[in-house]
Structures are given as structure tokens and as C-alpha cells.
Amino acid sequence: MHCEKYAAGQCHSCQWLTLTPEQQVIEKQSQLQALLPAIDISLFQPPATGPLMAFRNKAKMVVSGSVEKPILGIVGRDGQGVDLTDCPLYPDAFSDVFSAIIPFIARAGLTPYNIERKRGELKYLLLTQSHYSGKFMLRFVLRSEKKIEQLKKALPWLQEQLPLLAVITANIQPVHMAILEGEDEIFLTEQRTLREEFNQVPLFIRPQGFFQTNPIVAAKLYQTAREWVKALDIDSLWDLFCGVGGFGLHCAEKDTHLTGIEISAPAIASAQQSADELGLKHVEFKALDSTRFATANQDIPQLILVNPPRRGIGKELCDFLSHVQPEYILYSSCNAQTMAQDLQLLAGYQVCKVQLFDLFPHTAHFEVLTLLKRIVQ
């Protein structure tokens, strides 16, 4: 993939752009195998890959420049804005949105925030597209609520230019730090969720909720989890750190008893919305801390699915799982290093399968799915 900004030394987000796609996958697979030296090489499934360009469904744009000439992208090392609206990782439809937003910023009087002077209102633009419908969610990250009324008055023009804008919000982030978003979210449209669909499973994207940024490979990840779990013939499972419920909803059959746990209440609302649409009767999703929920329960399901943040599941949950010994553990990780540490702490289990999913081409990052089975004494 050729990138003008990378060639000019202005953006190095894609650290591995000098490697061929084949070299990237080989290197990632080698790193994964090196982290799991005790696992037989035959248990590693072939890596799952996807498109190398135009695959991202989300753009996180720092807004710099002036209100008349805003720059959407990043701030370079020299403190100057770098325009990333033509980034080859974004689908073509993103260009149309960016082209309309740039003049809209002046129409709405949204002065870009100046980091050095600590002045201005518009800090970031967060744009997400549904791969299923093509519709967008647009979030304006503002320093305060001062410009909300101006923003509301100007919105009809933007919506006329971009009929695919389904969800629009203003997020308030008042802190002078490189924090992407604040706690307060002001909805500027009646619609509050963006519908996505992977493998005939409806999923709902909400502001401030985590969602995979590579929908094509994410769909392969969820489908693989579904196939692995279906082969186990289980009737009860927990989905810990469940987010919007992607894994659990893929793995649950009509009669499966599924409990999904996630600390984010908006994510839980999305997961329950999906379960209701699917007609799953034996499903409940709760907004709780996953480790506290698990360690407070003794009614252990046959399978516990974990999809933790980069820090992993940690010693307390590993010790608990080693003690209660569910028959199976399915571990999805975006950080193979912390997953490897957790696997060392899980006593009484053997690895059945491991597979790498290249959700982040041109970088050193990847997702990995590991199935563990209790060792019968």
C-alpha cells in the first residue's frame, strides 16, 4: 500500500508499511508462536486476513488549523496539523463526509481547539460507518457546551449534504489533555444507535462503546468462535467483557443459557437489543465488573468466554477459573503478550486451538482466539 503521508514522514501510524503483506502476517505469526512456546505447532490454525486498504469503519480525527481552514487528521511532531482525509485505510465514502464537514465547521462557528493557547472549541471528529447499511455516526468532541445551539442550527445543512448521517452527537471533553472523549454525550438526532450486522447477527454501535474497527476480519473472528463453540455441544456459557455481545450472541443457540457481563451500561443496552431481535429467551446481559461477577458466583457454566481489554484478565480471574474449572475457556485477545501471561496462570487446562486474526494490517497489532479444555485427571 502506498501512502503519501508515510512517504513524506508525516504519519507513521502504519509502522509496517515497508513490509509486504505476506511478511507482515509471517512476522505476526512468529511473534504469537514465540509467546506460546509450549503449544504444539499443529494447534496453530492458518491466520485469517482481510483487505489491506479501505477496511477501517472508524476515523478519529484531531481538528486543527482555523475555523475557515480546518485540518482533519493528526498533529505532527512540529505541532502542525497533518491532513489525513485521504488516508487509504478509509473507504471512499469517508471522503464525501470529510468534504462536507470542512465547510460545515465554518458554518457552525466551531473554532478548532489550539493546544498551546488552550483556546477553541472543536477538539476531535469521530466518524463511524456501518459496513451493513453504509450509514454513519458522527460525533463532535467539544471543549464545552457553548457552541451546542449554533451546532444545532447549522445541522440541517449538513444532513442535507449527507443523508447517510444517521446518528450525530456532541461529546463534551473539557480537560486540557490528550483524552479522546468525555463522559457527557448530547444526542443531536433522534436515532441513537448505528445498526451493524455480522453473519446475520445484528449488533448496535453506540457512542462511547467499543466496536471492532475492521468489520470484514471481525466477522471472521466471530464466525470462527461460533464454529468452535458449536462443535463442543454446550448449553451454558458466560461472555465476560462482552462489549455489545458479539461473541456471546454468535455462540448462543436458541436453548443456550447465556450471561453477558460488561462494565459499560450503553454496551449492555446494545447487547440486549440484539438478543431481543434474535429472539433468544435464555439470555441476560448485566452492566457489572466481569471479575467481580465471576468470583461472586458458584453456578459455573460449561464454557466461559473472555474478551478482555489489552491488560488481559489478570491473576484474580485466572485463579478463580483454575479453581472452579469450567469445561472450556474461549479467550479472545487484542494483546497476545498479556494473554500468554494469563495462560501461564490458568492451571489444569490444555490448548486445543489458536488462531491469529489480522485486524490491524500494516501494524504490529493483531487479535488472537484460543480455545482451552479442562484436563481430565
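**A walk through the predicted model**

R139 counts as buried, at 3% relative accessibility. That value, like every other one here, comes from a predicted model. R139 makes a good starting point for the tour. What does the side chain of R139 meet in a salt bridge? Its partner is E181, with a distance of 2.9 Å from N to O. R139 sits in strand β5, residues 136-142, while E181 sits in the loop between β6 and β7, so the salt bridge ties together parts that are 42 residues apart in sequence. E181 is partly exposed, because its relative accessible area is 25%, and buried would mean under 20%. So this pair joins a buried residue, R139, to a partly exposed one, E181.

Stay with the salt bridges for a moment. How many does the structure hold? The count is 10. One of them joins the side chains of K28 and D358, with 2.5 Å from N to O. This pair links distant parts of the chain. K28 belongs to helix α2, residues 21-35. D358 belongs to the loop between β15 (349-357) and β16 (367-374). The two residues are 330 residues apart. Are K28 and D358 buried or exposed? K28 has 0% relative accessibility, so it counts as buried. D358 has 4%, so it counts as buried too.

Another salt bridge stays within one helix. E149 pairs with K152, and their closest N and O atoms are 3.8 Å apart. Helix α4, residues 148-161, holds both of them. They are 3 residues apart, which is about one turn of the helix. E149 counts as partly exposed because its relative accessibility is 47%. K152 is partly exposed as well, at 39%. Some salt bridges also share partners: R139, E181 and E185 are joined in this way into one network. That brings the starting residue, R139, back into view.

Now turn to the surface. Which residues gather there in a patch of negative charge? They are D233, D235, E253 and D255. Take D235 as an example. It is found in the loop between α5 (215-230) and β10 (236-240). Its relative accessible area is 45%, so D235 is partly exposed. A patch residue needs over 30% relative accessible area, so D235 meets that cut-off.

A second patch has another character. V175, M177 and I179 make a nonpolar surface patch of about 250 Å². I179 lies in the loop between β6 (165-172) and β7 (184-187). With a relative accessible area of 35%, I179 is partly exposed. The loop between β6 and β7 also holds E181, the salt-bridge partner of R139.

Next come the sites listed in a record. For "binding site", the unreviewed UniProt entry lists C3, C11, C14 and C87. These residues span 85 residues in sequence, yet no two of their C-alpha atoms are more than 10.8 Å apart, so they gather at one spot. C14 is found in the loop between α1 and α2. At 11% relative accessibility, C14 counts as buried, since buried means under 20%.

The same loop, between α1 (4-7) and α2, also holds Q10. Is Q10 buried or partly exposed? At 39% relative accessibility, Q10 counts as partly exposed.

The unreviewed UniProt entry also puts the annotation "binding site" on Q212, F241, E262 and N307. Q212 lies in the loop between β9 (201-205) and α5. Its relative accessibility is 5%, so Q212 counts as buried.

Two distances help to set the scale. Q10 and P207 are 197 residues apart in sequence. In space, 29 Å separates them, C-alpha to C-alpha. L32 and F211 are 179 residues apart along the chain, and their C-alpha atoms are separated by 23 Å. L32 is found in helix α2, the helix that also holds K28. L32 counts as buried, because its relative accessibility is 1%.

Definitions and conventions: Residues numbered from 1 in each chain as written. Predicted model: local features only at pLDDT ≥ 70, side-chain atom pairs only at ≥ 80, totals over all residues. Heavy atoms only, no water. Patch = residues over 30% accessible without salt bridge, like charges linked within 9 Å, V, L, I, M, F, W, Y side chains within 5 Å. Areas by Shrake-Rupley, 256 points an atom, 1.4 Å probe, with all protein chains shown as cover. Salt bridge = Lys/Arg side-chain N within 4 Å of Asp/Glu carboxyl O. Lys, Arg positive; Asp, Glu negative; His and termini not counted. Charge placed at Lys NZ, Arg CZ, Asp CG, Glu CD. Helix = DSSP H or I, 4+ residues; strand = E, 2+ residues; numbered from the N terminus. Buried < 20%, exposed > 50% of the residue type's maximum accessible area, 1.4 Å probe, protein only. UniProt positions renumbered as here; feature names shortened; annotations may be inferred.
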